[in-house]
Amino acid sequence: MDELELLKSKWLSQDQKLPRLTFGEIYTMLLKKSSSIVKWIFFISIGEIILWTCLALLVPESSRKFTNDIGLKEIMIVVNILYYAVFIFFIILFYRNYAKISTTDSIKDLMGNIIRTRRTVKYFMLYNILGTCMMTLGLNIFYYTNRDRVFQLMVKDYGVLSTMDQEQFITMFFLVQFIIAAILIGLIVLFYRLVYGTLLRRLKSNYQELKKIES
Amino acid sequence: MEIKYKNTVIPIQQVDFSEICNVTHTSNTNTSSTKPLETELEHKFVKQLEENQNIVHKICRLYTNDQDAHNDLFQEITIQLWKAFPKFRGDSKFSTWMYRVALNTAITLYRKSKRTIKTQDYEGVSFKIASEEYDHTEEKQLSLMYSAVKELNDIDKALVFLYLEDKNYKEISETLGITEVNARVKMNRIKDKIRRILNP
């Protein structure tokens, strides 16, 4: 192609009007902060992990007492140990992926590594969401089969909503459980769309482009 | 404050010079005489980047559409290069290594959108042609070509950039992470694409 060859010849003789920075100007840039996607993904991921840890710690004392009274203490301990084991496994994976990201890789490897790191965090979130869903479901099934006991504990012993009869209370109880779970999951999905959607859209399309070349 | 007090009160022969030096050193780093010298590594790095900065500017030109975005990208590339510099072994040329880090940064940096791609091309890009062969049509052709290249997607741009920099297909394929054969095929497709942009 003649035009591209022409551009190339002029390109190399480099008469483009390019800016010229001094030693000092470049030196001051070394001290500036980076704003790369990788860094943002790292910070947001750390934020997510902290968020989930905090949510787990936020469980109120009354809820814990209820769990003990209804006879779920041992099961909850086992579930928690399992949960944290998987949690630690994810954090290790995440760090390993993150450490692998290097700007000296080829463009394709770099983008692949960024997307992989992102995916680990995504699976971590998914694990949390699904885990929360399963737990909520399991607990509610348990509560349902033991609804007499739930009513007994909540209304009679703790005096929550003591004006309601058993039927009303049970309907209310499960409705509240459902609404809270739905709001939580909705928020997380929204967060994903907003943050990662915008952050990774271009990166993903570039990665697809490179993969297309190879296929 | 304390030092000033000391300075005014204590007779000149008793002034502890090392103390004064220390104070000026930490409180006023801008004074050229007391400014701490950059480390050897920093000096080496900045010197090489200064010499090769044209490469980075050309990439910034290609990937951004205004001066602010150009400067932001230049700065980000500088930071990424500096972060990767300790890993630079010197078994390849500084410039070769630079191509990779700079292009990686340009392609992965989050930029808001590709809003003003066609219209606000800053200062235009003109290629000065030596006076004896000065030819308006040629210069026009060149700037048309350049704007066609700017319309390509990020990956295609990287390929064309390396091609214009006279890199062989082996280097191009290594930088992008694709095979040499595919790099060639892709380059031919890009040439078609440019042709279509120029003659719709």
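Begin by selecting chain A: of its 215 residues, 16% count as buried. The model is a predicted one, with an ipTM of 0.72 and a pTM of 0.73.

**Chain A as a whole**

Keep chain A selected and colour it by secondary structure. Eight helices and zero strands appear, and from the N terminus on the order of elements reads α-α-α-α-α-α-α-α. Next, orient the C-alpha trace of chain A along its principal axes, where it spans about 90 × 40 × 30 Å. The radius of gyration of chain A is 27 Å, whereas a compact globule of 215 residues would have one near 17 Å. If contacts are drawn within chain A, consider those with a separation of 6 or more: residues 24 or more positions apart account for 63% of them.

**Helix 4 of chain A**

Now select residues 61–70 of chain A, which form helix 4. How many of its 10 residues are buried? The number is zero, so helix 4 of chain A lies largely in the open. Extend the selection to G71(A), just after this helix, where phi is positive at about 95°.

**Chain B as a whole**

Switch to chain B, which has 10 helices and zero strands. Buried residues make up 30% of its 200 residues. Among contacts in chain B between residues at least 6 apart in sequence, 54% join residues at least 24 apart.

Colouring chain B by pLDDT is useful before any closer inspection. The mean pLDDT of chain B is 75, and 69% of its residues reach 70 or more. Among the elements of this chain, helix 8 of chain B has the highest mean pLDDT, at 93, and helix 2 of chain B the lowest, at 36. Select residues 1–35 of chain B: the pLDDT there is below 50, and the stretch has 11 contacts in the model beyond near neighbours in sequence. Residues 115–120 of chain B also have a pLDDT below 50, with five contacts in the model beyond near neighbours in sequence.

**The side of chain B that touches chain A**

Display both chains together and select the residues in contact across them. The contact involves 50 residues of chain B and 43 residues of chain A. On chain B, the elements that each supply at least two residues to this side include helix 3 (40–51), helix 5 (67–84), helix 7 (136–150) and helix 10 (180–198). Colouring this side of chain B by residue class gives 21 nonpolar, 15 polar and 14 charged residues.

**Two domains in chain B**

Hide chain A and colour chain B by its domain assignment, which gives domain 1 (54–123) and domain 2 (125–200). The contact between these domains takes 10 residues from domain 1 of chain B and 10 residues from domain 2 of chain B. On the domain 1 side, helix 4 and helix 6 of chain B are the elements that give two or more residues. That side of domain 1 of chain B has seven nonpolar, no polar and three charged residues.

**The largest nonpolar core**

Select I59(B), A102(B), A158(B) and L159(B) next. Of the 59 residues in the largest nonpolar core, these touch the most other members. The core draws at least three residues from each of domain 1 (54–123) and domain 2 (125–200) of chain B.

Centre the view on A158(B) and restore chain A. Which residues does A158(B) touch, not counting residues up to four places away in sequence? They are I107(A), L103(B), I107(B) and L176(B).

**Two loop residues of chain B**

Move to T39(B), in the loop between helix 2 (17–27) and helix 3 of chain B. Is T39(B) buried or exposed? T39(B) counts as exposed because it has 9 C-beta neighbours inside 10 Å, and a residue is exposed if it has 12 or fewer. Add K83(B) to the selection: its C-alpha atom is separated by 15 Å from that of T39(B), and the two residues are 44 apart along the chain.

Finish at D166(B), in the loop between helix 8 and helix 9 of chain B. D166(B) has a positive phi of about 65°, although it is not a glycine. With 11 C-beta neighbours inside 10 Å, D166(B) counts as exposed.

Conventions
Residues are numbered from 1 along each chain as its sequence is written. Chains are lettered from A and ligands numbered from 1 in the order in which they are written. This is a predicted model: local features need pLDDT of at least 70, side-chain atom pairs count only at pLDDT 80 or more; totals for chains, interfaces and linings use all residues. Two residues are in contact if their C-beta atoms, placed from the backbone, lie within 7 Å. Helices (H or I, at least four residues) and strands (E, at least two) are DSSP runs, numbered from the N terminus. Ala, Val, Leu, Ile, Met, Phe, Trp, Tyr, Cys and Pro count as nonpolar, Asp, Glu, Lys and Arg as charged, and the others, Gly among them, as polar. Domain bounds come from an automatic or database domain assignment. A nonpolar core is a set of buried Ala, Val, Leu, Ile, Met, Phe, Trp, Tyr and Cys residues joined through C-beta atoms within 7 Å. A residue is buried if 20 or more other C-beta atoms lie within 10 Å of its own, exposed if 12 or fewer, and partly exposed in between; C-beta atoms are placed from the backbone. The radius of gyration is taken over C-alpha atoms; the globule rule is 2.2 Å times the number of residues to the power 0.38. pLDDT is the predictor's confidence in each residue, from 0 to 100.
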